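Visitor: I would like to learn how to read the inside of a protein model, one feature at a time. Could you guide me through this one?

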Amino acid sequence: MNAVLKPRVAFRPMQKDDLDTIVAIEQVIFPYPWTRGNFMDSLNAGHSCWVMQQDASIVGYAIVMMVLDEAHLLNISVAQAMQGRGLGRLLLEHVMQIGRQYGGLNMFLEVRPSNTSALRLYESMGFNEMAIRRNYYPAKHGREDAVLMGAAL
């Protein structure tokens, strides 16, 4: 009988020295990526910024902004070559736990409706659609809506 093995990863706080790698990942996986300045702003604002490593390589990252008892997931990403291996789920589980540790009762996020793999992941982790934010994201031909989702922590 084959047991499904969880990938071995480690989580640590994001550091300024990680930004070259993170920005490179971001530019490959998103048509409208965050800039180095966006990541610096999150670090400087004291948001909960995490990297996920496998061996010595950064394979994912996430940024959570805490506001009172709410955790807002601002960015969660897995390197393109590492997608489809369950790493996004592990990273999301990690930041949901971090949100609980900081006293969060709920987590919120926005996601493109066209990002069906992310939508499936979020739904499988207990997130529900709360609203549609019209024309939220830049898109190739204008703007794309965002699905606002939330889950109890």
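Visitor: Which residues have the most contacts inside the largest nonpolar core?

Guide: In this predicted model, the largest nonpolar core has 44 residues, and those with the most contacts inside it are Met 14, Leu 73, Leu 92, Met 107, Tyr 122 and Phe 127. The largest share of this core, seven residues, comes from helix H3.

Visitor: What does Phe 127 touch, leaving out residues up to four places away in sequence?

Guide: Its partners are Leu 92, Met 96, Met 107, Leu 109, Tyr 122, Met 149, Gly 150 and Ala 151.

Visitor: Tyr 122 appears there too; which residues of helix H4 are buried?

Guide: An α-helix has 3.6 residues a turn, so residues three or four places apart point the same way. In H4, which spans residues 116-124, the buried residues are Ala 118, Leu 119, Leu 121 and Tyr 122. They lie on the same side of H4, because the arc they cover around the axis is only 165 degrees. The face turned away from that buried side carries the exposed residues Arg 120 and Glu 123.

Visitor: What covers the buried residues of H4?

Guide: The cover includes strand E4 (70-78), helix H3 (87-101), strand E5 (106-111) and strand E7 (142-152).

Visitor: Where is Asp 55 found, and is that residue buried or exposed?

Guide: Asp 55 is found in the loop between strands E2 and E3, and its relative accessible area of 77% makes it exposed. Its phi is near 60 degrees, a positive value in a residue other than glycine.

How values were computed:
Residues numbered from 1 in each chain as written. Predicted model: local features only at pLDDT ≥ 70, side-chain atom pairs only at ≥ 80, totals over all residues. Heavy atoms only, no water. Buried < 20%, exposed > 50% of the residue type's maximum accessible area, 1.4 Å probe, protein only. Helix = DSSP H or I, 4+ residues; strand = E, 2+ residues; numbered from the N terminus. Arc of directions from axis to C-beta. Contact = heavy atoms within 4.5 Å. Core = buried A, V, L, I, M, F, W, Y, C linked by side-chain atoms within 4.5 Å.
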